[in-house]
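Work through these exercises with the structure open beside you. Try each task before you read its solution.

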Amino acid sequence: MMLSLKNITKDYKIGKRSFRALNNINLQFNKGEFVSILGPSGCGKTTLLNIIGGLDRYSKGDLFINGVSTKEFDDKDWDSYRNHSIGFVFQSYNLINHLTVLDNVELGMTLSGVSQTKRKNRSIEVLEKVGLKSHLYKKPTTLSGGEKQRVAIARALVNDPDIILADEPTGALDSETATEILSLIQQISKNKLVIMVTHEKMHADAYSTRIIRLKDGEIISKNAQTKDIISDDYKPKRTSMNFFTALKLSFNNLKTKKFRTIITAIAASVGIIGVGLVLAISNGFREQISDIEKDQLVNLPILIGREETEVGFDRAGATTFIPENYEENELVVYNPAQDTHINKITQEFITYLEAMDNDIYTTIHYEFGYTPTVITTENQTPEIMDLSKIGFSSFIIPEETMSDYYTLKAGMFPQNPYQVVLLIDEWNVIEQDIVEALGYDPNEKLYFDDVLNKELTIALNDDLYLEQNGVFFPNYSDLEYVSDNGVKLEIVGIIETTDDTLEYSNGGIKYLYSLKTELLGLNANSNICEAQANSDQSVFDLSALTPSEKEQLMSFIGCNTENPFLIQIYTNSVEHKESIKEHIALYNEGRALEEKIFETDLAKAIGETLSTLITSISVVLTAFASISLVVSSIMIGIIIYISVLERTKEIGIIRSLGGSKRDIARVFNAESLIIGTFAGILGVVMTFILTFPINNIAVKYDESLKNVAQVNITHLIILVVISAFLTFIGGLIPSRIASKKNPVEALRVE
Ligand code: ADP
Ligand code: MG
């Protein structure tokens, strides 16, 4: 190996002025030489050595390596040159204190991509050679000065470079140790080129084969070249640190500042915990909903109404129709019917429906639109109950499951069509309107016992409607007679709902489906029904009726037993529900749109609406929690920047060993990645732990909330990845700053 410096000049820029540290240096070095560079402090010795070692760049001139000009070298070529051809030994040792002796020595080889076992064997071999076999696993801080310098020499030798550059290697050692080190260097100088900077003439005289004297950046004397110039080819090989080494470097570094790392990770994990909990809770809710859908809502029937619109709470009340374009002062006309499908519930369909496999449904209920006239008697005077003030409806659940949905507060559940119950809320509250409709004085105290066993009467058509000259009128003048002949109902129980999903009414009278069938049967052949069936005029006022008006009127008075306006199909499992829907879909196949039958699965609609609700709430909450994720990634950026400042020396050392800018960036990226992953894992573990107290507290508010927070493994894994990613992003800028640091200046930092 041969080095040749031609007119090397180095100018340092200090603000606008420049300082010439080296002026027109011409030198040649050859294999086997031990050259000493002598000169006073500040004369440019280190600068010269750094230029020869490719750590610093010359301003003018050229440096030839084996006759190859370095003018066109790029960063990577210099990195490779340092790594393969140069071994540096510094006055201040420049060891990485958080790595063991062995790891320090291995570092140079790691950069050149040597396999682990080979690296280790070679490093031990070299450490043995410099007499440090028993110190392999010590940290440099526990070694003496001489020992540290031996480690540095071992590190310089490990890649078997052709050139060893030693910058005042004995400057910090006592004279005895210095002699030992110098003999060691002399010993290794066979077959290598050693260039040593010193200001001790004695050392230079005693050990070197040639002395070069430097003063104020210029050569003032040099001995003659002792060896012939050999020239072979030079081709730089590329180096690269693998990511695992970067991880190890940063991991060891983080171990030396555990406290700070842990605090940082805790701070960074807060955002993860926030997002994690939001996800856990929405996840818990979602599972709860699907449980409810499976266990409780499954008993809600599939509905087939005459008019079907998509059901959902977001549609309640307001129209969801939004016009595409309209003028500012235009009134846009909207007909809700355009979004409503009219189901033609024909006898054909009913026959088809009832032909459905018996196993997949339990019962089918038909609603014919009959609104009975109910009479209540209080203080001997019968009164028509105002059904606009009190709910009067049948249960929409199978009778056997009644106790799953309602709790009995007094009395019993209805056993036959003539037994009804009063629905109130869990705090015994009942609306004044209902109390009045039932015939009680709302200003007097009312007890369960006052209501239990109360009798209500449903008027039969033949008693209620009297005919005169072909016109029917209600016999309100003799309600007592109507009441006496009517169908007697008894309030046998007072109930509340166990679950709010089922009842949206404010309470009122609930009866069994069979009561309706019973009443329809009793009224079907009444005079008014027969008269109305045979006339296209209203039997009440002889006004003309359209066919649909006629049907409506017949339904209202209970004469319609053929054209249901609502069908309720009951079943007992989610799978059966799907089968029922398939059965209906089969009916629709090949039919024109207006002939198709659409159904509503209330249970599903409720479930879906709730999950949409939960999704939107979680999105909002996650967005809030994410702000802390952003904050923590900025914080990580700052922490990494501080680390860059602290590890500046390490940056210089890695660069001197041939590490590239990318390697440096990698070291700090590894650091942020470690912190981020650690923070992520911490956050995820904390999230998991926190779900327990959250569930414990939640269950105190509502029994059904006992599993409200449930972690999802996939979410947790994604969160760790997000945490690692965000901190990685946060660390990118500081690690870029680190990679751009000038290695010479980095090494000068104390
Ligand atoms: P030596 O190693 O012989 O003591 P150096 O090579 O370190 O001297 O420095 C040579 C001269 O160059 C000194 O005067 C020093 O102040 C100057 N010098 C070194 N590095 C820089 C720099 N980055 N910017 C400006 N001046 C520098
Ligand atoms: Mg110096």
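**Exercise 1.** Find which element gives the most to the lining of the second largest cavity.

*Solution.* Remember that this is a predicted model.
- Step 1. List the lining: Arg-82, Asn-83, Ile-86, Gly-87, Phe-88, Gly-108, Arg-155, Ala-156, Val-158, Asn-159 and Leu-657.
- Step 2. Look up the elements that give two or more residues: helix H2 (75-85), strand E6 (86-90) and helix H5 (145-157).
- Step 3. Pick the top one. E6 gives the most, with three residues.
- Step 4. Sort the lining by class. It divides into five nonpolar, four polar and two charged residues.
- Step 5. Add the volume, which is about 70 Å³.

**Exercise 2.** Describe the largest cavity by its volume and its lining.

*Solution.*
- Step 1. Set the scene: the structure holds six cavities of 30 Å³ or more.
- Step 2. State the volume of the largest cavity, about 110 Å³.
- Step 3. Name the residues around the space. They are Leu-99, Asp-103, Glu-106, Leu-107, Thr-110, Arg-119, Phe-244, Thr-245, Lys-248, Leu-249 and Asn-252.
- Step 4. Assign them to elements. Helix H3 (101-111) and helix H8 (243-255) each give two or more residues. H8 gives the most, with five.
- Step 5. Sort by class: four residues are nonpolar, three are polar and four are charged.

**Exercise 3.** Work out which residues surround ligand 1 and which polar atoms lie by its oxygen atoms.

*Solution.*
- Step 1. Collect the shell, using a cut-off of 4 Å between heavy atoms. It holds Tyr-12, Phe-19, Ala-21, Ser-41, Gly-42, Cys-43, Gly-44, Lys-45, Thr-46, Thr-47, Glu-745 and Arg-748.
- Step 2. Sort the shell by class. Four residues are nonpolar, five polar and three charged.
- Step 3. Check the backbone. A polar backbone atom of Lys-45 is 2.8 Å from an oxygen atom of ligand 1.
- Step 4. Check the side chains. Thr-46 has a polar side-chain atom 2.5 Å from an oxygen atom of the ligand. For Thr-47, the distance from a polar side-chain atom to a ligand oxygen is also 2.5 Å.
- Step 5. Turn to cover. Ligand 1 on its own has 560 Å² of accessible area, and the protein covers 73% of that.
- Step 6. Find the elements with two or more shell residues: strand E2 (17-30), helix H1 (45-52) and helix H24 (743-748). H1 provides the largest share, three residues.

**Exercise 4.** Give the domains of the protein and the distance between the centres of domain 2 and domain 3.

*Solution.*
- Step 1. Read off the bounds: domain 1 (3-238), domain 2 (254-295 + 607-748) and domain 3 (369-562).
- Step 2. Take the C-alpha centres of domain 2 and domain 3. They lie 62 Å apart.

Technical notes. Residues are numbered from 1 along each chain as its sequence is written. Chains are lettered from A and ligands numbered from 1 in the order in which they are written. This is a predicted model: local features need pLDDT of at least 70, side-chain atom pairs count only at pLDDT 80 or more; totals for chains, interfaces and linings use all residues. Side-chain values use heavy atoms; hydrogens and water are left out. Domain bounds come from an automatic or database domain assignment. A polar contact is a pair of N or O atoms within 3.5 Å; within protein, one must be able to donate a hydrogen and the other to accept it, and residues adjacent in sequence count only if both atoms are side-chain atoms. Accessible areas come from the Shrake-Rupley method with a 1.4 Å probe; for residues, only the protein chains shown count as cover. Helices (H or I, at least four residues) and strands (E, at least two) are DSSP runs, numbered from the N terminus. Ala, Val, Leu, Ile, Met, Phe, Trp, Tyr, Cys and Pro count as nonpolar, Asp, Glu, Lys and Arg as charged, and the others, Gly among them, as polar. On a 1 Å grid over the protein atoms alone, a cavity is a set of points where a 1.4 Å probe fits but cannot get out, and a pocket is an open set with protein on both sides within 12 Å along at least five of seven lines; lining residues have an atom within 4 Å of a point. Grid points are joined across faces, edges and corners, and a volume is the space filled by probe spheres set on the points.
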